[in-house]
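Subject: Structure handover

Hello,

Here is the structure for your next round of work. My notes follow below it.

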Amino acid sequence: MQTITVDFTPSSEKRSYPIHIGHGILQQVDLIVSCLPQKRVAIVSNTTIAPLYLDNLRAALEKQGVISISIILPDGEVHKNWETLNLIFDALLKNHCERNTAILALGGGVIGDLTGFAAATYLRGVPFIQIPTTLLAQVDSSVGGKTGINHPLGKNMIGAFYQPRMVLADSATLNTLPDRELRAGLAEIIKYGLIRDPAFFDWLERNMHRLLARDPVTLNEAIQRSCENKAEIVAADEKEEGVRALLNLGHTFGHAIENGMGYGVWLHGEAVAAGIVLAADLSRRMKLISEADVSRIRKIFLQAGLPVVAPRMPPEKYLQLMMLDKKVDAGRARFIVLNRIGEAVMRADIPPVLLNETILACMNDE
C-alpha cells in the first residue's frame, strides 16, 4: 500500500487527509475506523456496486464495533440530480444520523459526488470518506473535494468544495469494472501527463497495453502518479482560482458533449477524451503545438480505445453549451490549451473562427 497526503498546511483547520492506494486494501477497515468520530456510519452505494462489496465492508466494520446503515441509489450519470440527492437526505433523517455520523461513498464518481454534496450540506456538514471503485473515481473525482449534481442546463453546476477525511482506493475493485468504464478512467490519467507531467505521458505510451490488461502493478503506479499530481494541484489551489483549472483540459468541450448527447450516453471519460483532442486541435490552430503533437495525442487515446472524433452537433449548439462552463468569466469562455505536451495554460483570447474550425474538423475527423 502507498499513502499520499493532500496537504493543506499551512492552514488554520486540520483538513489534510491521506489517499491510501493498494491492491486488496478494502478489507483494511482499521484505516477507515481511525477516521471516524463515532462508531456509526452511513454507506452510500448503488445497485451495481452494493452487491459486489457492501456486505463484506459492513461485516468488516461490524467486527470493529462500527454499526452501519446502507443507502442504495440507482446507478448512472442520469441519476446525478436533486431527486437522488434527496434519497440520501431521507435515509439520513429517518435513521437519525448525527453530526458525527460519517458518510462513506462506496462507488464511482457519481456516488462520490452525490455523497460528498450530501455530507457538505446535511446538518451543515458531516464527515465523509471516499471509497472509489472505478478507475476514473480513483484517479480524479474522489480526490480534491469537488462535490455536486448535474442540472438539465449544465454538468456539475450545483455543488460545494468539501474535502473527505480519507480516500481508500483499492485497485482490486477494478477487476469487476467493465472494459468501457476502465477505458473511460484512462482519459483522466492521460490528462495528467498532458497538463504537467511529460515523463508520465511517455510512461503511459509505453505501458498502455499493461493498463488495458489490468496488470495490478501498472495500475497501482498509474493511480499513484495521477493522485500525486492531483494532490499537489489541489493543495495549491483548493477552490479553483488558478492552477486547479488546468485539470479541466478537454472538459469544456467534454461537458458540452455529455450534456448535448444526454447524460450517460457518453461516459465522462469518453467525452473528456474527445474534448482533449478538440483542445489539442485548437492549440495547434493557435500555433502553440505542432501537428506531430496532435497526432501523438490522438494516438494515445486510440491506444486506450477512446473516441477521438466529436459527436455531430451544430457548432452553435457546442458554443451554447460551452457558455454554461464554470470557467466562463465576464461572459467570456475560457479554455485550457496546450503550450506543449506537459504544459497547459488557460486562455480567454480564443478567436471564434478557430473555435468553429476546430469543432467542424473534429466532428469530421479531418
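How many residues does the largest nonpolar core have, and which have the most contacts inside it? The core has 79 residues, and Leu135 and Phe301 have the most contacts inside it. A nonpolar core here is a set of buried Ala, Val, Leu, Ile, Met, Phe, Trp, Tyr and Cys residues joined through side-chain atoms within 4.5 Å. Buried means under 20% relative accessible area, exposed over 50%, and partly exposed in between (1.4 Å probe, protein chains only).

Before the rest, the ground rules. This is a predicted model: local features need pLDDT of at least 70, side-chain atom pairs count only at pLDDT 80 or more, and totals for chains, interfaces and linings use all residues. Residues are numbered from 1 along each chain as its sequence is written, and side-chain values use heavy atoms, with hydrogens and water left out.

Cores

Helix α10 (residues 268-285) gives the largest share of the 79-residue core, 10 residues. Helices (H or I, at least four residues) and strands (E, at least two) are DSSP runs, numbered from the N terminus. Leu135 is in contact with Leu174, Leu177, Leu182, Gly185, Leu186, Ile189, Leu219 and Ile223, leaving aside neighbours within four places in sequence. Contact means heavy atoms within 4.5 Å. Another core of 25 residues lies apart from the largest one. Ile32, Leu54, Leu104 and Ile131 are among its residues.

Thr115 sits in helix α4 (residues 109-121). Thr115 is buried, at 0% relative accessibility. Its contacts, again without neighbours within four places, are Val44, Ile88, Ile103, Leu104, Ala105 and Phe128.

Helix pairs

Start with α6 (residues 179-196) and α8 (residues 216-236). Their axes come within 9 Å and cross at roughly 50 degrees. That makes α6 oblique to α8. Axes are lines fitted to C-alpha atoms, for helices over the stretch in contact, and angles run from 0 to 180 degrees between N-to-C directions. Angles under 35 degrees count as roughly parallel, over 145 as roughly antiparallel, 65 to 115 as roughly perpendicular and the rest as oblique. The crossing is left-handed (the near helix is turned anticlockwise from the far one by less than a right angle; clockwise would be right-handed). From α6, the contact uses Ile189, Tyr192, Ile195 and Arg196. From α8 come Ala222, Ser226, Asn229, Lys230, Glu232 and Ile233. These residues split into 5 nonpolar, 2 polar and 3 charged. Ala, Val, Leu, Ile, Met, Phe, Trp, Tyr, Cys and Pro count as nonpolar, Asp, Glu, Lys and Arg as charged, and the others, Gly among them, as polar.

Next, α12 (residues 315-322) and α13 (residues 352-363). Their axes come within 10 Å and cross at roughly 120 degrees. α12 is oblique to α13, and the crossing is right-handed. Pro315, Tyr318, Leu319 and Met322 of α12 meet Leu355, Asn356, Ile359, Leu360 and Met363 of α13. That contact has 8 nonpolar residues, 1 polar and no charged.

Loops

Pro311 is in the loop between α11 (291-303) and α12. Pro311 is buried, with a relative accessible area of 8%. Its C-alpha atom is 7.2 Å from that of Ile257, 54 residues apart along the chain. Beyond four places in sequence, Pro311 touches Ile257, Met261, Trp266, Tyr318 and Met363.

Two residues that are not glycine have a positive phi. His96, at about 55 degrees, is in the loop between α3 (82-94) and β5 (102-107). His96 is exposed, with a relative accessible area of 63%. Glu240, at about 60 degrees, is in the loop between α8 and α9 (251-261).

Regards
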